[in-house]
Amino acid sequence: MEQFPNRALVLGAGGVVGTAWMAGLAAGLREHGIDLAAADLIVGTSAGAIVGAVLASERDPGELAEPRQPPPSTPQPPAPDPRTLGRVFAVLGDSETTPELKRRRVGEIALEMSAEDDAEHAERMRTLIGTAQWPDRLRVVAVDARWGQRRVFDRRDAAPLADVVVASRAMPGVYPPMTIGDSRYMDGGMHSATNADLAAGAELLVTIHPLAHLFPDTDLAAELQSARPAESLLITPDERSVDAFGADLHDRAHWIPSFRAGFAQADTEAARLQRIWPTPK
């Protein structure tokens, strides 16, 4: 077994189904003695921020086998707005617009959304991730909705963990931007579905990319080149997992099937990881 004293785990965007799938994958890998929580650095974007918070806090990802329910007094999250989502994807699909301008325009759309009570949104997130403590090795990505700039949060920031994870997964058309300090933040996936360049300096980099079947890997290839790990391994959904996702990444009815598909895929991925990811003694 090759030894890598500096290991990074990058968890990408993926909506509700990607959250469940990554949690299932992590839980399944544990059954094979491979604990992704042993990473020295965990970078989470959107769905990856949720699973990253669970793993970095050394909680059992198997707890996400079913979606956690917030307290009865907490209002349910708003339903996705297909019209707004359509506008967002129209901007993102415009090949004539630079990435920077796309983020600014998507941010303008996001800021039009009716603001949800941030405290209620954060309370639902605390219920989901099961912790309010910032782990030292967790980095969470969001995008400033006004300026379109990437913001990387960690324990050194004054922002509560749940607020930051809410911001990281605040997909315009699904969730309104989250207010942190004097700014409002939207989904970190608006900058990159993976943000793997933030793992620069790691000798081993494992990237889990739930949306690889939907988006080309050109951005990820450039990010990996920037990070320059000695060894890199990419995990993407297999055919069974993609089928479990369904057509709507935010359909909570597909949570349990997506978790189970990730758990099952761990049988295959464990064989790839066993050479490079040390198992507990």
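Arginine 169 turns out to be buried, with a relative accessible area of 14%; buried here means under 20% relative accessible area, exposed means over 50%, and partly exposed falls in between (1.4 Å probe, protein chains only). The model is a predicted one, so local features were kept only at pLDDT of at least 70 and side-chain atom pairs only at pLDDT 80 or more, while totals for chains, interfaces and linings use all residues. Residue numbers start from 1 along each chain as its sequence is written, and side-chain values rest on heavy atoms, with hydrogens and water left out.

Back to arginine 169: this residue sits in the loop between α6 and β5 (178-180). Leaving aside residues up to four places away in sequence, arginine 169 touches Ser46, Ala47, Ile50, His121, Met125, Tyr175 and Asp187, a contact being heavy atoms within 4.5 Å. Two of these partners, Ala47 and Ile50, are listed among the buried residues of α2.

That leads to helix α2 itself. Helix α2 spans residues 47-56 and is mostly covered, with 10 of its 10 residues buried. The buried set runs through Ala47, Gly48, Ala49, Ile50, Val51, Gly52, Ala53, Val54, Leu55 and Ala56. What does the covering? The cover includes strands β1 (7-11), β2 (41-45) and β3 (138-144), along with helices α1 (15-31), α5 (118-129) and α6 (161-168). Just after α2, glutamate 58 adopts a positive phi of about 60°. Helices (H or I, at least four residues) and strands (E, at least two) are DSSP runs, numbered from the N terminus.

Salt bridges come next. The structure holds 13 of them, each defined as a side-chain nitrogen of Lys or Arg within 4 Å of a carboxyl oxygen of Asp or Glu. Arg30, Asp35 and Asp60 are linked in a network of such bridges. In that network, the side chains of arginine 30 and aspartate 35 meet at 3.3 Å, N to O, and those of aspartate 60 and arginine 30 at 3.9 Å, N to O. Aspartate 60 lies in the loop between α2 and α3 (82-92) and arginine 30 in helix α1, so this pair ties together parts that are 30 residues apart in sequence. As for exposure, arginine 30 counts as partly exposed at 29% relative accessibility, aspartate 35 is partly exposed at 24%, and aspartate 60 is partly exposed with a relative accessible area of 35%.

Another bridge joins the side chains of arginine 59 and glutamate 63, at 3.3 Å, N to O. Arginine 59 is partly exposed at 27% relative accessibility, and glutamate 63 is partly exposed with a relative accessible area of 35%.

Zooming out, the protein chain has 9 helices and 8 strands. With 281 residues, a compact globule would have a radius of gyration near 19 Å, and the chain's 17 Å agrees; the radius is taken over C-alpha atoms, and the globule rule is 2.2 Å times the number of residues to the power 0.38. The C-alpha atoms fill a box of roughly 50 × 45 × 40 Å, taken along the principal axes. Buried residues make up 52% of the 281. Of the contacts with a separation of 6 or more, residues 24 or more positions apart account for 80%.
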